[in-house]
Each structure stands twice: as C-alpha cells, then as structure tokens.
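Work through these exercises with the structure open beside you. Try each task before you read its solution.

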Amino acid sequence: MAQYYYSDRQVKTEDIVDSAVTPAKLSFGTWEKIAEVNVTSQVAQVDITNLPAEDKVLMLVLNAINTGSLTSCAWFIRFNNDTGTNYENTAYVLFYNPNKSAFEELQRHDDAADRACIAETYIPMTHVSHSIIYDLSSEEKTISSYGGTGTIVTIAVGEWKNTTDNITSISIFGPSGLYFAPGSKIIVFRLSK
Amino acid sequence: MVIEMEKVLVYDCAKHETRIEERDIKLPEFEEPEPPEFQKKLEKVIQDVEKIKEIVRKLHPEITL
C-alpha cells in the first residue's frame with residue numbers, strides 16, 4: 001500500500017474517511033453515535049430498534065418538543081416492547097428557589113410499575129435530557145436521567161427487571177395525548193469497547 | 001394504560017433507516033401528581049392559623065384580625 005506524508009509530518013484529518021475512524025484507532029474511550037432520529041411530523045412514539053444484542057452502556061439524548069393536549073408532562077421509556085409491569089422508577093422534579101438560593105423538591109413520582117414503563121423525566125414543555133443506560137444481560141437494566149429547562153431540573157432513576165436479555169429496542173413515548181412535535185430529536189450513543 | 005392507534009417513528013440501527021408505522025401502542029394515562037410534602041404541611045399550617053383566628057375572635061371580638 002502506498003504511503004503518503006505531508007511535508008510537515010502532520011495528519012490531515014480531512015483526508016481520513018469516516019469509516020477508518022474506529023474505536024481501535026482511538027487511545028481513549030468514546031461515545032459512538034448509533035442512532036439519530038429527527039422528527040419531521042407529529043408522532044406519539046419513537047422506537048429505536050435493532051440495537052446490538054450484547055452488553056453495553058448507552059447514552060440517550062432527548063430533545064423533545066411537546067405538543068398535543070398535554071404539553072406539560074413526562075416522557076416514558078420501555079425496553080424490548082415489554083409491556084408487563086417489570087419496571088421501577090423514582091423521579092424528582094426540583095425547582096430553583098431564588099429566596100433560598102437552592103433547589104427544592106417540587107414533585108416526586110414512584111409510579112412506573114403500574115404504567116409498564118420508566119418515567120424518563122418530568123419536564124414541562126420543551127424537554128432536554130440525557131440518560132445513561134447500563135445493559136448487562138444477566139442483571140436488571142438501570143437508567144439514570146438528568147434533564148432540565150429554565151429553573152426546573154429533573155433527576156430520575158429506574159430499572160427494567162429483566163435479567164436474561166440485552167436491550168435490543170427502546171421506545172420513548174408520553175402519556176395518552178402527548179406527542180413529539182416536528183423538530184424533536186433523539187440521539188443514542190454507545191460507549192466504545 | 002390505554003391502547004391507541006398512533007403514528008410511531010421507527011429507527012432501525014442495523015439498516016440506518018427511518019420509517020413511520022401506524023399501529024396500536026400502549027400508553028400510560030396522564031395523572032395529576034400528588035402535591036409535594038411541604039405543600040401539604042403549608043396547607044395544614046394555614047388551616048391551624050384560621051382555627052386560632054376563630055378562637056381569638058370569640059374571646060376578643062374587639063380585635064380585628
């Protein structure tokens with residue numbers, strides 16, 4: 001194979017094709033983007049399917065623009081289309097109180113089991129959050145989410161009580177009446193091996 | 001939970017393709033959350049203050065509260 005060198009011995013990154021930039025070529029861990037979904041027309045649910053059936057760490061970035069009859073509500077997550085009551089969740093909604101120069105608890109939710117899903121976060125209107133998902137086939141899958149807009153911040157933790165499978169699909173949806181508006185975006189990253 | 005026919009945006013990570021499906025999906029129903037603990041305590045304090053005012057009015061009707 002021919003080798004080419006620049007006179008200054010520097011690598012010109014624009015000459016490297018994207019496919020050649022693999023995790024093995026990097027000397028540090030990184031997040032690989034494995035899905036990017038742009039909502040162009042109103043939908044009630046977004047499914048990320050055909051995720052690799054192996055142990056992995058995922059980061060889900062959600063920029064949801066709410067629309068419909070409910071614009072101030074939570075988004076929910078379900079794994080592998082499991083609609084059984086196999087989820088646990090606790091979410092705290094905190095708001096900044098300028099009189100105390102501190103965040104205070106506004107709401108606490110522990111309601112995932114009967115909804116057959118995990119409440120991702122409770123953020124009014126436009127909802128920006130990121131979630132870290134640990135997927136080990138032999139253990140419960142855990143998810144921790146952090147979101148916020150303005151003076152409201154949400155911290156949510158949950159688990160999917162499945163100890164046999166890997167996560168191969170993620171569904172994100174609101175309660176009945178809440179929709180993703182055009183302009184919403186969902187990106188999924190996987191921690192490199 | 002309710003089952004509704006809705007539009008679903010499906011992204012396939014293996015094919016890197018996006019498609020829209022219209023199918024039945026299971027959605028939670030919206031529930032108004034419980035008021036937080038401090039709000040409940042505040043309501044209790046307000047009720048107690050009203051009771052104290054009533055007692056004071058009976059004992060000292062000359063006092064305007």
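## Confidence and overall make-up

Chain A has a mean pLDDT of 85, and 87% of its residues score at least 70. The model is a predicted one.

**Exercise 1.** Find which element of chain A has the lowest mean pLDDT and which has the highest.

*Solution.* Start at the low end: strand E8 (residues 118–124) of chain A has the lowest mean pLDDT among the elements of the chain, at 61. Now the high end: E2(A) has the highest, at 97.

**Exercise 2.** State how many helices and strands chain A has, and what share of the chain is buried.

*Solution.* Count the elements: chain A has zero helices and 14 strands. Read from the N terminus, the elements are β-β-β-β-β-β-β-β-β-β-β-β-β-β. Next, burial: 33% of the 193 residues of chain A count as buried. Last, contacts: among those in chain A with a separation of 6 or more, 77% are between residues 24 or more positions apart.

## The sheet

**Exercise 3.** Give the strand order of the open sheet of eight strands in chain A, and name its edge strands.

*Solution.* Follow the order: E1-E14-E3-E9-E10-E11-E6-E7 (chain A), with antiparallel pairing. Then check the ends: E1 and E7 of chain A each pair on one side only, and they are the edge strands. On average, neighbouring strands in this sheet are turned by 15° against each other, direction ignored.

**Exercise 4.** Walk from E14(A) to E11(A) and name the bridges on the way.

*Solution.*
- Step one: strand E14 (residues 185–191) of chain A is joined to E3(A) by six bridges, running antiparallel. Val61(A) has Ile187(A) as its bridge partner in E14(A).
- Step two: strand E3 (residues 56–64) of chain A runs antiparallel to E9(A), with nine bridges between them. Here Val57(A) has Tyr134(A) as its partner in E9(A).
- Step three: six bridges pair E9(A) with strand E10 (residues 141–149) of chain A, again in the antiparallel sense. Ile133(A) is partnered by Ile143(A) in E10(A), and His130(A) by Tyr146(A).
- Step four: E10(A) is joined to strand E11 (residues 152–160) of chain A by nine bridges, and the two run antiparallel. Ile143(A) faces Gly158(A) in E11(A) as its opposite residue.

**Exercise 5.** How many residues lie between the strands of the hairpin E9(A)–E10(A), and how many between those of E10(A)–E11(A)?

*Solution.* The hairpin of E9(A) and E10(A) has five residues between its strands. The hairpin of E10(A) and E11(A) has two. In the turn of that second hairpin, Gly150(A) has a positive phi of about 60°.

**Exercise 6.** Sort the residues of strand E9 of chain A into a covered and an uncovered face.

*Solution.* Begin with the rule: in a regular strand, side chains alternate between the two faces of the sheet. Apply it to E9(A). The covered face holds His127(A), Ser129(A), Ser131(A), Ile133(A) and Asp135(A). The uncovered face holds Val128(A), His130(A), Ile132(A) and Tyr134(A).

## The core

**Exercise 7.** Which strand of chain A gives the most to the largest nonpolar core?

*Solution.* First, the core: the largest nonpolar one has 37 residues, and those with the most contacts inside it include Val37(A), Phe76(A), Ile77(A) and Ile170(A). Strand E5 (residues 72–79) of chain A gives the most, with five residues. Now take Ile170(A). Beyond its neighbours within four places in sequence, Ile170(A) is in contact with Ile48(A), Leu60(A), Ile77(A) and Phe79(A).

**Exercise 8.** Is Ala64(A) buried or exposed?

*Solution.* Locate the residue: Ala64(A) lies in strand E3 of chain A. Count: 27 other C-beta atoms lie within 10 Å of Ala64(A). The cut-off for a buried residue is 20 or more. Ala64(A) is therefore buried. Leaving out residues up to four places away in sequence, Ala64(A) touches Trp75(A), His127(A), Phe180(A) and Ser184(A).

## The two chains

**Exercise 9.** Describe the side of chain A that touches chain B.

*Solution.* Count first: 29 residues of chain A are in contact with 21 of chain B. Strands E1 (31–38), E2 (45–49), E5 and E7 (102–109) of chain A each supply at least two residues of that side of chain A. By type, the residues on this side of chain A are 17 nonpolar, eight polar and four charged. Finally, the pairing: E2(A) runs parallel to strand E1 (residues 2–12) of chain B, joined by five bridges. Gln45(A) is opposite Val8(B) in E1(B).

How values were computed. Residues numbered from 1 in each chain as written. Chains lettered and ligands numbered in written order. Predicted model: local features only at pLDDT ≥ 70, side-chain atom pairs only at ≥ 80, totals over all residues. Core = buried A, V, L, I, M, F, W, Y, C linked by C-beta atoms within 7 Å. Buried ≥ 20, exposed ≤ 12 C-beta atoms within 10 Å, placed from the backbone. Helix = DSSP H or I, 4+ residues; strand = E, 2+ residues; numbered from the N terminus. Contact = placed C-beta atoms within 7 Å. Pairing = 2+ DSSP bridges. Nonpolar A, V, L, I, M, F, W, Y, C, P; charged D, E, K, R; others polar. pLDDT = per-residue confidence, 0-100. Axes fitted to C-alpha atoms, helices over the stretch in contact; angles between N-to-C directions.
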